[in-house]
Structure formats: structure tokens, C-alpha cells
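This briefing goes through a pocket, a helix and some ring contacts. Please read the points below with the coordinates open.

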Amino acid sequence: MTGLLQRYGTLLAFLALAAGFSIAAPHAFPTPANALNLLQQITTLSIVAAAATFVMVIGEFDLSVGFVASLAAVIAFVLLGEGWAIPVAIAAGLGAGIAAGLVSGLLVARYGVPSFVATLAIGTIVSGLAYWISGGSSLFSGIPAAYTALGRGAIFGVPVLALWMAAVLIGAQVVLTRTRYGRRLHAIGDNARAAHLAGLPVSRDRIVTFAVAGGLSALAGLLLAARLGSVQHTMGEALLLPAYAAVFVGTTASRSGAPNIGGTFLGVAITGVIVNGLTIVGAEPFVQKIVTGAIIVAAVLVRRFGMGRR
């Protein structure tokens, strides 16, 4: 019984939460409309959580992911509002995210700055840039319908955002499990010194990984902006804690306790169900924050207990 809970406990927790909210709000939660709404809500969170997963695989943290998402969206909307082409606006937003990740990676890999400190500093700078570029105002005018279509609508009944999410998660899973780069990241996360002594390009892979996280975070911001049709300079900041909550929950779904894309998606689903369910039953917003924090603590404790038992 104990082994069963350790192996499938995270999945059982998700099913229990879904069942609980279905009982609490039988006419609102377990409906096709809410299922589609929930799917759209977790899309951008899934992409940011995938970014966090990459960084956590190498044993680091990136606290700038939400700020980077905001900056990318702000840059894209400013350019679109001035009449620039959609590909140019998207490329500029993605480029800003990758650049922020590269700077973080350089600080961590080349100069030995702890990732908490480096990414918090970069996130603060990025937040200031987003405010400056946007003028502290909401951006929504002059946005082409072709851009907002990237985050709205459906193809054969499947929300476009869900397709973006699937593409990112499948791609991330392939990279982390089927490529030499992915195997090197796991080796770095297990023992960076041993990986270096084995001749692996530890510094380079760390820098690239932070750049990947920056690019994915920027993509999440661009898609969130397309879905909402408007941008605020703080819009992505709320993604940070739920993303890491999802990654930590996801580690409990792995026998090794290592970050993994499948577990992260399950963690995102659990986080999304909790937020969606609490909203439907009328819980105050502060309750969601308390629950999110509690999830992180519980996931860490479960992970430590599980690794100790192994």
C-alpha cells in the first residue's frame, strides 16, 4: 500500500481534488465549458513551468521567468501598436527573453553568482524595463486580429493554446530525455563537479539552459497577451510561484525525485484545478496564495521523505 501511494500518490491527489470540487460545485466545475476554460488557464503556466523544469534539472532556480514573460509581451505589444509586422514583434519579444536568460546564465556559470541572486536581480531589472517601455499603462490598441488569433479560437474543437502547450511539453520531453544535451543536463544536476571532470561542457550547458528558460518564458508571455488581447507590465509575475509549485509537485511523481516534464504537467494540472475550483466555490484570492505555498512545502516534504526512504 505504501509503495502504491509513493508511486501514484500525486495522480491520486489530482483525482481526489477533481472529485472534491465536482461534489462542491456540481453544476459549474465538472462541465465541458469549465474543462476548456481550465485547459486555457493552465497553458501559459505549463510553458513557464517547463522553463523552470529545465533550470531545476541542472540544480538551479530562475526567479525571473514571470518578469521575462511580462517584458516579452510588453515589447511585442508596443511594436505591434506602432505598426511593426507580427513576426518582428514576436521575434523581438522572444529575443528579449533569450537575452535575459543568457545574462542570468553568464552570471551563474561564469561568475559563480548563486542562481537565486542572479535571476532575482535580472528579474528586477526586467521588471523595470517592462514598466519603462509600457509607461506603466495597459497596452491594447492597434493589435492585429492575426496576433490575438495565436491565443484564441480552436482547431477541430481543440483550443489553439492547448496545441501550443502540447507542442512545448512534447518538445521539452524529447529534449530532456532523448538528446545528448538533455542527458548532459541530468548529469550536471546529479553532480556538476563529476560532469566537469568527465569533460562535459558544464558552463556552456548552464548558460544555454538559462537561455532556453528565458525563451520559453517569453513565449508564455506572448501567448498570454494574445489570449487576453491586452498587456500590463506585471501580467506575468503571478506565474512564478504556481510554476515552481507545479515543478516541486511533479518531482513527487518521479521515483528518482528529479524534475521531469510529465510530473511538471501533472503538477500544473493540480495547481490549475485548485485555483479554478477555489474560484468557482467563491474563495478569496488570498486563499489561493496560501494553498499554493502549502503545496510547495508539502511537495518538498514528500520529496525529502521519499528520497530518504529510498
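**Pocket, helix 11 and aromatic pairs**

The lining of the largest pocket is made up of 14 nonpolar, eleven polar and three charged residues. The model is predicted. Helix 11 is one of the elements that give two or more residues to this lining, and tyrosine 244 of helix 11 also takes part in an aromatic pair.

**Largest pocket**

- The largest pocket holds about 840 Å³ of space.
- Its lining counts 28 residues, and those nearest the pocket centre are Ala238, Leu239, Pro242, Val275 and Gln288.
- Two or more lining residues come from each of helix 2, helix 10 (202-228), helix 11, helix 12 (261-280) and helix 13 (285-309).
- Helix 13 gives the largest share of the lining, six residues.

**Helix 11**

- Helix 11 covers residues 240-251, which is twelve residues.
- From first to last C-alpha, helix 11 reaches 17 Å, close to the 16 Å expected at 1.5 Å a residue.
- Eleven of the twelve residues in helix 11 are buried, so the helix counts as mostly covered, with buried meaning under 20% relative accessible area.
- Among the buried residues of helix 11 are Leu240, Pro242, Tyr244, Phe248 and Thr251.
- Pro242 is thus named twice: as buried in helix 11 and as one of the residues nearest the centre of the largest pocket.

**Aromatic pairs**

- The model has five aromatic pairs.
- Phenylalanine 61 and tyrosine 244 make a tilted pair, with 5.7 Å centre to centre and 40° between the planes.
- This pair links distant parts of the chain, 183 residues apart: phenylalanine 61 sits in the loop between helix 2 (32-57) and helix 3 (65-81), and tyrosine 244 in helix 11.
- Tyrosine 244 has a relative accessible area of 5%, and therefore counts as buried.
- Phenylalanine 77 and tyrosine 147 make an edge-to-face pair, at 5.7 Å centre to centre and 80° between the planes.
- Because phenylalanine 77 lies in helix 3 and tyrosine 147 in helix 6 (residues 145-148), the pair ties together parts that are 70 residues apart in sequence.
- Phenylalanine 77 is buried at 2% relative accessibility, and tyrosine 147 is buried with a relative accessible area of 1%.
- Ring pairs also link Phe61, Phe116, Tyr244 and Phe248 into a cluster; Tyr244 and Phe248 are both among the buried residues of helix 11.

Notes. Residues numbered from 1 in each chain as written. Predicted model: local features only at pLDDT ≥ 70, side-chain atom pairs only at ≥ 80, totals over all residues. Heavy atoms only, no water. Helix = DSSP H or I, 4+ residues; strand = E, 2+ residues; numbered from the N terminus. Expected span 1.5 Å × (residues − 1). Buried < 20%, exposed > 50% of the residue type's maximum accessible area, 1.4 Å probe, protein only. Phe/Tyr/Trp six-rings, centres within 6.5 Å; stacked < 30°, edge-to-face > 60°. 1 Å grid on protein atoms, 1.4 Å probe; cavity = no way out; pocket = protein on both sides within 12 Å on 5 of 7 lines; lining within 4 Å. Points joined across faces, edges and corners; volume = space filled by probe spheres on them. Nonpolar A, V, L, I, M, F, W, Y, C, P; charged D, E, K, R; others polar.
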